[in-house]
Amino acid sequence: DTSRFWLEKLDERRIARDMIFSKKQYYSLSDSTTGYLVALTDTNSSRTIFSNYILKGNKLYKITTLADSSSQSAFINDFFASISPLKNNTGPSIFQNKINTFFTDFKSTDSTAKKRANSAISSLYFGKDGIEKIAAAINDLKYSDKEYFELKSKLINELGYINDSCCTDQVVGILKDLYEKTADTSFFQNPILNSLARLKTKSSFALLKQLLLQDPPVFENSYDYAGIFTHLSDTLPLSKSMFPEILQLASVEDYKPRVNNLLQNMIDSGYIKGNDYENYFSQLYFDAKIQLKKQQNKDEKRLQLEKSKDEDAIASTGRYSSGYSSTRNNLLTDYSILLMPFYEKNPSVQKFFDKLLQSKDPDVQLNTAVLMVKNSKKVPDTLFENLAAQDEYRAKLLTKLEKIGMQKLFPAKYKTQEGIARALLLNDRSIKKFSQVELINKQSMEVKGQRGNVYFFKYKVNKDDDWQIGISGLQPINSKEVSTNDDLVKMTEKKLKGDEPLQEQFDKQVKKLLYGMHKSSRNFFTGSEYGSIRSMFGGYEED
């Protein structure tokens, strides 16, 4: 596939994050040579990267130079115009179908050829011409063969990638036959089910539902469950055909979170209404109440600590966010989404939401309030006032309200540039409480063609710590407007030095952030797979 080949080789989608394709010109010569002339530029720079990609047979050449776009040399022009591949044999075209060659090597008694074919399975697209050949290869594999399980799984997986509209039903038939033959071997059930989910057709989803319901496989690895449901979440219109029958799987503990998550996505996207899973309500409400009780126990412990005025104990429980607490909050949010369609018709659901709003955990309050507003339910104004007053929740609240188009509910007195900049900065790390945060200065600057204000802070996590540098931007140049964009927000963890001017130290950290937006310079500061560039120059210590 020529388009896929060039899409991969030019890597335009990734490169375009940092650079601009000012030129991308395809050419084809009479001797079957093809290629692209490419020019990459960047904002605020006259420097240009010129590249010539030349493809002939199975050889790809790339010639690249860095030059000034305003005065390119004659040498570069002549070099790019004259260079061409040698006329010797460059092998068959890379676009020539290799399926027959592959299966010849796959069946070969030559161990080198066979090994090469085995390692190439996941790199090939077999297409419609490979369907029967894959099926035959699977049937020819013997239990005594070396790598029997691995090879059979790989070949089954490849069937799931053959999505030619003319023959997906044929693939589904082969996968059904394989499932029936291997029903007592759970090792192959997962790749078969994954392939059915990956095909994303009515027939593949119908068979997938049938197999999951009649004999749901049980896996040792939770990743095996996630793979199937990830494909279902990627195709919600088709996944609607799985409901409500698939809800039966929620009675199996390993399936419950995946089924609930899929149901949540379906509700959130409007593909399923409360009536579609009303028979499942009792189980959902029971599970939701269990999560709520766990949250209430946590709230009570927090309240006891506050009454005891044990500041150290309060700090130890609240300073750093807990992964377990975060998981519980997520579960409560998930169950809230599932229960929301029953809010009007079931008083017990309304009481459930009232208790969530009364939680001592601001995260629970925030997620619940935004969900209720999104679904046109009344939320006390005082709740938004309390959340906006807290540095660590101010920006989160505004961001979530913006996503649902209800930013008008954000309290006006907290909608200031400094307040939002401070909140964004404190959200940069998973620390709940800071000892001190102070504004030092603000400065207007241009970032990627956009002018705005950058706020400079100093902060301490603990009261005995040294002051460190915090940067928060880019806020709009109009000081009456605010932005929740956090591209230029960073707790640098760099200590303020008493022997250097403050602004020079802040400017240095801003430059690092700006350089970090470009991959080529990002590796200098953050490191690459070989370690950061600075460490390769023996003892250089970036400060």
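Begin by selecting Asp 177, which counts as partly exposed at 33% relative accessibility. The model on display is a predicted one, and every stop on this tour should be viewed with that in mind.

Next, add Lys 181 to the selection. The side chains of Asp 177 and Lys 181 form a salt bridge, with 3.2 Å from N to O. Both residues belong to helix α8 (residues 168–181), where they are 4 residues apart and therefore separated by about one helical turn. Lys 181 counts as exposed, because its relative accessibility of 52% lies over the 50% cut-off.

Move now to helix α7 (residues 148–159) and select Glu 150 and Lys 154, which are 4 residues apart and thus about one helical turn from each other. Their side chains also meet in a salt bridge, at 3.5 Å from N to O. Glu 150 is partly exposed, with a relative accessible area of 40%, and Lys 154 is partly exposed as well, at 23%.

Keep Lys 154 in view and select Asn 118, which is located in helix α5 (residues 111–120). Is Asn 118 buried or exposed? With a relative accessible area of 9%, Asn 118 is buried. Apart from neighbours within four places in sequence, the contacts of Asn 118 are Phe 106, Glu 147, Leu 151 and Lys 154.

The next stop is a salt bridge between two helices. Select Lys 256 and Asp 287, whose side chains meet at 3.2 Å, N to O. Lys 256 lies in helix α13 (residues 256–268) and Asp 287 in helix α14 (residues 281–308), so this pair ties together parts that are 31 residues apart in sequence. Lys 256 counts as buried at 13% relative accessibility, and Asp 287 counts as buried at 8%. Add Glu 253 to the selection: salt bridges with shared partners join Glu 253, Lys 256 and Asp 287 into one network. The count of salt bridges in the model comes to 20.

Proceed to helix α20 (residues 391–403) and helix α21 (residues 417–426), whose axes come within 7 Å and cross at roughly 105°. The two helices, α20 and α21, are therefore roughly perpendicular to each other. To see the contact, select residues including Asp 391, Arg 394, Ala 395 and Leu 398 of α20, together with Ile 420, Ala 423 and Leu 424, among others, of α21.

Finish at the surface by selecting Phe 75, Phe 79 and Ile 83, which make a nonpolar patch of about 290 Å². Phe 75 is found in helix α3 (residues 74–82) and is exposed, with a relative accessible area of 59%.

Notes
Residues numbered from 1 in each chain as written. Predicted model: local features only at pLDDT ≥ 70, side-chain atom pairs only at ≥ 80, totals over all residues. Heavy atoms only, no water. Patch = residues over 30% accessible without salt bridge, like charges linked within 9 Å, V, L, I, M, F, W, Y side chains within 5 Å. Areas by Shrake-Rupley, 256 points an atom, 1.4 Å probe, with all protein chains shown as cover. Salt bridge = Lys/Arg side-chain N within 4 Å of Asp/Glu carboxyl O. Buried < 20%, exposed > 50% of the residue type's maximum accessible area, 1.4 Å probe, protein only. Axes fitted to C-alpha atoms, helices over the stretch in contact; angles between N-to-C directions. Parallel < 35°, antiparallel > 145°, perpendicular 65-115°, else oblique. Contact = heavy atoms within 4.5 Å.
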